[in-house]
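Biologist: I am new to this structure and would love a close look at a single part. Could you take me through the cysteines first, and then go on to whatever else stands out?

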Amino acid sequence: MSRLDDFIDRMVSQRAILNHIRDHLDLPGDGPILEVGLGNGRTYSHLRQCFPDRRIVVFDREVAAHKSCLPDPEDTILGEIRETSRPFMTGQSPLVHSDIGTGYAEKDAAKAAWIADMVAGMLMPGGYAVSDLPLEHPGLVALPLPDGASPRRGYFYRRT
Ligand SMILES: C[S@@+](CC[C@H](N)C(=O)[O-])C[C@H]1O[C@@H](n2cnc3c(N)ncnc32)[C@H](O)[C@@H]1O
């Protein structure tokens, strides 16, 4: 598989899972959606469209998003996510989207454990996680993927 194919699979999977949540599931509570890895802001832009009534808080080292989808400063948490995420691990988010894999298997394997702890800590019971990496945590139950999502580039969980 080329890197282009891999990228497309990741994008299509993100969209398929987020659209599935929007169309078929109810987000619990009234806490903020958390976008872990703002990047270019493409997924943030999609989250805003899918969930217009929700606050969305984003995390990254720096803001490099397209000007059309810049989050408000008060919803932009800058710095190393492993540290900046800690105040948000209060079990109040209905939806966490995490997209901070590197594409390097060894690096991602090392990251996956703390990402799983972080995501589980952020989510409220019944909340959903969408991730570019597989997350292993006793509080995260894998859900069936919707049509269109790739089982190797999109991962979908519910918090117990
Ligand atoms: C693949 S991009 C996210 C793309 C985004 N979903 C989009 O639609 O444009 C990953 C982003 O996460 C950030 N990132 C990755 N690991 C991080 C970490 N440990 N701390 C802070 N930012 C991190 C990178 O700076 C990068 O902007």
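Modeller: Happy to! Please keep in mind that this is a predicted model. A search of the whole structure turns up zero disulfides. Cys 50 is in no disulfide, and the nearest cysteine sulfur, that of Cys 69, is 14 Å away. Seen from the other side, Cys 69 is in no disulfide either, with the sulfur of Cys 50 as its nearest cysteine sulfur, 14 Å away. A disulfide needs two cysteine sulfur atoms within 2.5 Å. As for their surroundings, Cys 50 is buried, at a relative accessible area of 8%, and Cys 69 is buried too, at 5%.

Now let us turn to a helix. Helix α4 covers residues 105-122, which makes 18 residues. From its first C-alpha to its last α4 reaches 25 Å, close to the 26 Å expected at 1.5 Å a residue. There is also a kink in α4 of about 35 degrees, centred on Ala 112. Ala 112 is buried, and the buried residues of α4 also include Asp 108, Lys 111, Trp 114 and Ile 115.

Helix α4 leads us on to the largest pocket, since α1 (3-24), α2 (42-50) and α4 are the elements that give two or more residues to the lining of that pocket. The largest contribution comes from α1, with six residues. The pocket holds about 660 Å³ of space. Its lining has 32 residues, and Arg 10, Asp 99, Gly 101, Asp 132 and Arg 153 lie nearest the centre. By type, the lining divides into eleven nonpolar, ten polar and eleven charged residues.

How values were computed. Residues are numbered from 1 along each chain as its sequence is written. This is a predicted model: local features need pLDDT of at least 70, side-chain atom pairs count only at pLDDT 80 or more; totals for chains, interfaces and linings use all residues. Side-chain values use heavy atoms; hydrogens and water are left out. Buried means under 20% relative accessible area, exposed over 50%, partly exposed in between (1.4 Å probe, protein chains only). Helices (H or I, at least four residues) and strands (E, at least two) are DSSP runs, numbered from the N terminus. The expected span of a helix is 1.5 Å times one less than its number of residues. The bend at a residue is the angle between axes fitted to the seven residues ending there and the seven starting there. On a 1 Å grid over the protein atoms alone, a cavity is a set of points where a 1.4 Å probe fits but cannot get out, and a pocket is an open set with protein on both sides within 12 Å along at least five of seven lines; lining residues have an atom within 4 Å of a point. Grid points are joined across faces, edges and corners, and a volume is the space filled by probe spheres set on the points. Ala, Val, Leu, Ile, Met, Phe, Trp, Tyr, Cys and Pro count as nonpolar, Asp, Glu, Lys and Arg as charged, and the others, Gly among them, as polar.
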